[in-house]
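Me: I'm at the bench most days and rarely read models residue by residue. Could you walk me through a few features?
Reply: Sure, let's put it on the screen and take them one by one.

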Amino acid sequence: MIRNYIKTAYRSLSKNKGFTFLNVLGLSVGLATCLLIVFYVVDELNYDQYNTKADRIYRMGVDAKLNGNAGIYATSEKPWKEILQSRFPQVEKVARLINFDGLFLTPSKFYFKKGSSDLLEKKVVFTESSIFDVFTLPMIHGTPTHALDEPGTVVITESTALRYFGKADAVGQTLTLDDTHPLKVTGVIKDIPQQSHFHYDFFVSFSTTAEYKATGWGYAGLHQYLLLKPGTDVKNLENQLTGIDIKNSFNPSTWTTGDNHLRITLTPLLNIHLKDSEAQYPLEKEGNIQYIYIFSLVAIFILLIACVNFMNLSTARSANRAKEVGVRKVLGSPRKYLVAQFLTESVLVTLASAIIAVVMAWALLPAFNQMADKQLTINPQTFAWLIPSLVVIILMVGFLAGSYPALYLSSFQPIQVLKGKIAAGFKGGFLRSFLVVFQFSISIFLIVGTLVIYNQMNYIHNKDLGFNRDQVLVIKNTNVLGNRAKILKDELKQLPDVQNATMSSYQPTGDEDLKTGLFPHQKIDIKEDILTEFWSVDEDFINTMGLKLTNGRNFAKDMASDTAGMIVNEAFERKFGQLDPLNKNVYRDSYGLQQYHIIGVVKDFNFASLKDNIGPLAMIYQQDNGAISVKLHSADLTGLMSKIQSKWKGLSPGQPFNYSFMDEDFDATYRVEQRFGSMFISFSSLAIIIACLGLFGLAAYAAEQRNKEIGIRKVLGANISTIVGMLSMDFIKLVFISILIASPLAWFAMNKWLEGFAYRVVFHWYLLGIAGAAAILIAFVTISFQSIKAALANPVDSLRSE
């Protein structure tokens, strides 16, 4: 019987090649799109799953609000380890990491000697042997137990060992850090999986960091991970740790004043990548669970639209198959066999679509990886879950998409069918009208989302940030030059096409930042703390960046007193609370009390993400040779770059010349949002195209059901435009209903998304009008083909049996 179903289904599908092609096309594109989204979602959800003890690992952080300065931090204080190990038996192990980009710590660059060259390495972390007890980092050479107990020891990854020594077994070899610190390789581990919230190549022993002075309470510069024993009450532990932290803070009573608060947080390891994106100073940039929800919904919508298309196209063929159903029933075929026959056809179409979808997904994977910045692959491990999932999807989609056509077609009464009376027509089909509204509500929602995302990305790209990022060359890692960095800067300023140059690690678009607490009075009162960005700059920084002074003056190299001078922004001025801050003193409590006097105020500029409001900024006059920013003005950029590189080689032969342009660095800051926008627009476009296939099917159905009515109207004198308008109006009414449904939903959802940006576009009402007009146009163009075809048909063909 099953063989007969398959044979009959194959004949039917082969006989109607156009119908089969549209069905397979819609389902295969829909399934391929869903597969790509599923690959992305599965990859994101699998972060840190490689750790065998992942369910017991927690990151210790701080949630604090003081004097209006609120923040959630992924870091905590150094004294915690001794307290945790001595007073909390539920804590099995503690692993501490510091990459010197944490809170209150000066950003550092690390250079390792390879031959005669110093290679810049960014993936360097200082930690201890307990990291191998907490995380699953298999050591292929060496012993993890005491690998990082001694000063001057390092564990490296396998790829790093091959890069520096040409072999994986590098135990006993020596690496030289910053020309002064010899490090003995005590272990080689496998490369860290891509799906990890940190990726380091060098694990230097924590005891090597003798220069790390931030040892007391209040200096939250460490990333600390706790391995808890099974059954630990995490909330209770958080409360106990919070009490200890408040007790050891500078002024415990402060945290019970007003809306100030201080809490210790324990974030589950598996939540770090997606559910803890608000935490500042993570080891690496994290993902966003909202994007997972959004793309998952888009995948579901696309799959539903593809199923709806199948229903629409199948019912569109009802007239062609009505007599077949009637004859089968007259010959004694039970309804259940007819249902089984139609479901078999549906499953066959879904099976063919699934096979094509896998091939399409595999072919599109490289392009998708580039767009999503992923390294997704289809490997044997992928097939382990992909094949069972596809079997479920084929059966589910096959029965879901084929159920309505099967039940609908098998319900025809043979007498009515053989008389030619098979259906009530399009107007009587509530379900079909609902499907049109459903499809176009989604389409309008996606069109609105596409317009808003595009406008926001365009706004970010073109916004006046308060500084000039155009044609600013950033030469990186100039600290390898030592004192010669200043010579390079002065030589570059002499080039005719160089307008100015400044020497500082801190750029408005860079990822280097240093927050510190500044106070208005010499007697430190934590209640007066102004948490501010704290930058070291030179006398050329303001002019090179195009910043505007609103009060006071710039730094001057011939004024010795400027070494204690400070230039602040307007946000700091507002926090400071003085009508005129010039010549007022500001104090910093950092390894002793430091005093500065304010000599100038610059206009606020966006030095951080546009997701955040402009915060306080203080700049001091202090040499920082980490990078040189060069303002260019040249029509021959290639020639100028050659001259600049020549200057570099003259001062630092053998050292790599690393550079970027500030506008590119700015764009990189919003790479996650840009990727999200590109993916959303791409998936939205595919969803709209698939929805149009469904509308095409419904238009065919409507024209088929009303062919006799059209024939009579033509005989009575109706012209083509009248008939096209009549057929189109039924759909246009449904599109208007879709607009009414989708508009408020899109308004709410996209306003919620925009709330994530402190600086954002205004959601104008006319965007809804544009989306609605686009939907109407798309609908009209889609159905016009069938409408015109029906209007041009010879009425004799439809009325000859009357």
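Me: Which residues make the nonpolar surface patch of about 440 Å²?
Reply: Keep in mind that this is a predicted model. To read a patch, look for nonpolar side chains that sit together and have over 30% relative accessible area. Here the patch is made by Phe383, Ile387, Val391, Leu395 and Phe399.

Me: Where does Ile387 lie, and is Ile387 buried or exposed, or something in between?
Reply: Ile387 is part of helix H11, which covers residues 380-410. For exposure, the in-between class runs from 20% to 50% relative accessible area. Ile387 comes out at 47%, so it counts as partly exposed.

Me: Next, backbone angles. Which sign does phi have at Gln471?
Reply: The thing to check is the sign of phi along with the residue type. Gln471 is not a glycine, yet its phi is positive, at about 50 degrees. You'll find Gln471 in the loop that runs between helix H13 (430-462) and strand S14 (472-476). Its relative accessible area is 35%, so Gln471 is partly exposed.

Me: What is phi at Asn583, and where does Asn583 lie?
Reply: Asn583 has a positive phi of about 65 degrees, and it isn't a glycine either. Asn583 belongs to the loop between helix H16 (570-576) and strand S20 (585-589). Because its relative accessibility is 62%, Asn583 counts as exposed.

Me: How do I read a residue in a strand, say Ala70? What does Ala70 touch?
Reply: Start with the element, then exposure, then neighbours. Ala70 sits in strand S2, residues 69-73. With 54% relative accessibility, Ala70 counts as exposed. Leaving out residues up to four places away in sequence, Ala70 touches Ala64, Lys65 and Gln280. You can also follow C-alpha distances: Ala70 and Leu262 are 192 residues apart along the chain, but their C-alpha atoms are separated by 9.9 Å.

Me: Now zoom out. How many helices and strands are there, and how much of the protein is buried?
Reply: The protein has 23 helices and 24 strands. It has 802 residues, of which 53% count as buried. As for its surface, about 35,900 Å² is exposed, with carbon and sulfur atoms supplying 57% of that area.

Me: And what share of contacts join residues at least 24 apart?
Reply: For this one, set a minimum separation before you count. Taking contacts between residues at least 6 apart in sequence, 80% join residues at least 24 apart.

Technical notes: Residues are numbered from 1 along each chain as its sequence is written. This is a predicted model: local features need pLDDT of at least 70, side-chain atom pairs count only at pLDDT 80 or more; totals for chains, interfaces and linings use all residues. Side-chain values use heavy atoms; hydrogens and water are left out. Patches are made of residues with over 30% relative accessible area and no salt bridge: like charges are joined within 9 Å, nonpolar side chains (Val, Leu, Ile, Met, Phe, Trp, Tyr) within 5 Å. Accessible areas come from the Shrake-Rupley method with a 1.4 Å probe; for residues, only the protein chains shown count as cover. A salt bridge is a side-chain nitrogen of Lys or Arg within 4 Å of a carboxyl oxygen of Asp or Glu. Helices (H or I, at least four residues) and strands (E, at least two) are DSSP runs, numbered from the N terminus. Buried means under 20% relative accessible area, exposed over 50%, partly exposed in between (1.4 Å probe, protein chains only). Contact means heavy atoms within 4.5 Å.
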